[in-house]
Amino acid sequence: MTFEKIPYKIYLSEDELPRNWYNVRADMKVKPAPLLNPATGAPMGYEDLRPVFCDELIRQELNNDDREIPIPQEIRDFYKMYRPAPLVRAYCLEEKLQTPAKIYYKFEGNNTSGSHKLNSAIAQAYYAKNQGLKGVTTETGAGQWGTALSMACSYLGLDCQVYMVKVSYEQKPFRREVMRTYGAAVTPSPSETTNVGRAILKAHPGTTGSLGCAISEAVEAAASQEGYRYVLGSVLNQVLLHQSIIGLEAKAALDKYNVTPDIIIGCAGGGSNLGGLISPFLGEKLRGEKDYRFIAVEPASCPSFTRGKFAYDFCDTGMVCPLAKMYTLGSNFIPSANHAGGLRYHGMSPVLSQLYHDGYMEAVAVEQTKVFEAAEQFARVEGILPAPESSHAIRVAIDEAMKCKETGEEKTILFGLTGTGYFDMVAYEKFHNGQMQDYIPSDEELAASFAQLPKVPGQD
């Protein structure tokens with residue numbers, strides 16, 4: 001046991017960069033349910049998914065058995081631009097809170113995309129390039145994923161077409177311009193450029209959009225252009241696989257100082273950041289080696305885990321994607337225009353949904369005004385302006401630290417700081433001006449959405 005003082009920032013060397021991604025599905029007792037063909041209800045295999053996704057990414061999507069997947073050298077070399085990313089001991093926050101808890105955060109905002117999304121973007125772009133494709137299409141909420149993918153595609157010489165949720169397109173013009181700087185074409189969604197976009201606009205005139213809408217448009221755009229495939233920044237198994245580098249680095253940094261977290265917290269929209277952070281720790285829990293408490297934090301305005309149903313549903317609003325078994329509010333659910341655009345998704349990763357269903361994780365929903373109170377508190381103390389998405393995790397990390405203050409317990413808390421909030425100043429402005437409102441969907445609204453869930457044999 002070492003008693004060496006733990007530094008404010010723990011950095012791994014480039015040589016310590018993980019060489020393999022960790023596939024948590026290999027250790028899951030109950031595997032995520034397969035994707036289903038919406039037309040036939042049959043499980044979808046490799047050939048079924050080829051018209052939409054890149055070949056190697058499909059193999060990763062369907063791989064439930066291999067615990068480690070090698071990271072190609074070209075991707076590892078790209079990672080070295082901004083990885084390994086620091087693990088930070090929040091000494092200043094601990095002092096301000098006067099808590100006996102020890103707080104750590106894994107900071108993923110030290111690249112131009114401003115978030116963890118680049119970890120999967122470069123992998124997906126690499127496999128698309130290797131396949132000889134011309135380009136990729138995608139959706140983006142707050143813009144972090146679109147920015148990351150535009151960077152990766154620019155680096156590899158691929159065309160990049162981004163459908164950006166309309167509310168974020170309007171709230172975050174500078175995020176849009178970063179994407180365009182990297183050569184991406186950015187379209188506000190829902191748009192008049194696709195059949196599904198036009199149908200959504202007809203059904204919901206004036207809608208501010210959702211990730212589900214943007215996914216539908218991006219899938220249609222990929223399917224209608226030769227040499228293009230669709231790539232997704234969250235939810236899918238392959239994305240959680242790529243993002244496991246977050247947790248692998250965090251665990252390696254903690255292990256250097258013999259630190260074991262008691263509580264691990266992440267924000268949850270589609271699940272990429274949360275899944276990436278907790279995967280290696282969850283593996284230990286699944287194998288019976290260690291026990292941890294995992295907390296998923298979601299917006300009260302879009303409470304997939306805490307108020308959703310564990311059921312097969314469309315991943316998109318236009319109902320053109322495969323059916324996934326996940327915690328969902330219904331693909332027809334259009335979240336309110338809250339300021340955490342990256343969390344405005346009706347469903348949740350099938351991997352995380354299965355783990356939550358099996359009791360390995362907890363979930364809490366928080367209102368956005370409380371989230372921004374925590375964001376401001378953190379910014380003033382730790383010197384980083386956090387993204388609204390990340391601030392959901394900050395909110396609950398502070399709450400857990402304050403519980404330790406009451407009980408006197410010296411718990412160790414780890415949370416994911418997914419990125420920075422420098423393009424989210426409209427949200428901060430509304431918070432400071434007292435114009436931010438908390439919207440919580442009614443039981444009636446959710447019931448109406450649940451009533452439209454697809455009819456799948458064996459599903460209530």
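## A tour from proline 84 to the nonpolar cores

Start by selecting proline 84, which sits in the loop between α3 (73-79) and β4 (87-89). The helix and strand labels are DSSP runs, numbered from the N terminus: helices are H or I with at least four residues, strands are E with at least two. The model is predicted, so local features are taken at pLDDT of at least 70 and side-chain atom pairs only at pLDDT 80 or more, while totals for chains, interfaces and linings use all residues. Residues are numbered from 1 along each chain as its sequence is written, and side-chain values use heavy atoms, with hydrogens and water left out.

**Backbone exceptions**

Most residues other than glycine have a negative phi, and most peptide bonds are trans. The bond from arginine 83 to proline 84 is cis, with omega near -5°. Go next to proline 190, in the loop between β8 and α9 (195-203). A cis peptide bond joins serine 189 to proline 190, with omega about 5°.

Now select valine 235, in the loop between β9 and α11. Valine 235 is not a glycine, yet its phi is positive, about 70°. Valine 235 is buried, at 5% relative accessible area. Buried means under 20% relative accessible area, exposed means over 50%, and partly exposed lies in between, with a 1.4 Å probe and protein chains only. Asparagine 258, in the loop between α11 and β10, also has a positive phi, of about 55°. Asparagine 258 counts as partly exposed, at 44% relative accessibility.

**The parallel sheet**

Select β6, β7, β8 and β9. These four strands form an open sheet in the order β8-β7-β6-β9, with parallel pairing. Two strands count as paired if DSSP finds at least two bridges between them. β8 (185-189) and β9 (228-230) are at the edges with a single partner strand each, so one side of each has no neighbour in the sheet. On average, neighbouring strands here are turned by 20° against each other, direction ignored.

Look closer at strand β6 (residues 135-140), which pairs with β9 in the parallel sense over three bridges. Glycine 135 stands opposite tyrosine 228 in β9. Add helix α10 (residues 211-223), which packs on the sheet and touches β6, β7 (159-165), β8 and β9; its direction makes about 165° with that of β6. Contact means heavy atoms within 4.5 Å. Axes are lines fitted to C-alpha atoms, for helices over the stretch in contact, and angles run from 0 to 180 degrees between N-to-C directions.

**Strands β10 to β13**

Select strand β10 (residues 263-267), where five of the five residues are buried. In a regular strand the side chains alternate between the two faces of the sheet. Ile263, Ile265 and Cys267 point one way from β10, and Ile264 and Gly266 the other way. β10 and β11 run parallel, joined by five bridges. Isoleucine 264 has phenylalanine 294 as its bridge partner in β11.

Move to strand β12 (residues 309-314), in which five of six residues are buried. β12 runs antiparallel to strand β13 (residues 323-328), with six bridges between them. Phenylalanine 310 stands opposite tyrosine 327 in β13.

**The nonpolar cores**

A nonpolar core is a set of buried Ala, Val, Leu, Ile, Met, Phe, Trp, Tyr and Cys residues joined through side-chain atoms within 4.5 Å. Select Ile278, Phe305, Leu355, Met361 and Leu414: these have the most contacts inside the largest core, which has 38 residues. Two or more residues each come from α11 (237-256), α12 (272-286), β11 (293-299) and α14 (350-357). α12 gives the largest share, six residues. Beyond its neighbours within four places in sequence, phenylalanine 305 is in contact with residues including Ala268, Tyr327, Leu352 and Met361. Another core, of 37 residues, lies apart from this one; Ile71, Ile75, Ile122 and Ala125 are among them.

**Two crossing helices**

Finish with helix α15 (residues 368-382) and helix α16 (residues 388-407), whose axes come within 8 Å and cross at roughly 85°. α15 is therefore roughly perpendicular to α16. Angles of 65 to 115 degrees count as roughly perpendicular, under 35 as roughly parallel, over 145 as roughly antiparallel and the rest as oblique.

Which residues of α15 does arginine 395 touch? Arginine 395 lies in α16 and is buried, at 11% relative accessible area. Not counting residues up to four places away in sequence, arginine 395 touches Val366, Lys370, Val371, Glu373 and Ala374. Lys370, Val371, Glu373 and Ala374 are among the α15 residues that meet α16.
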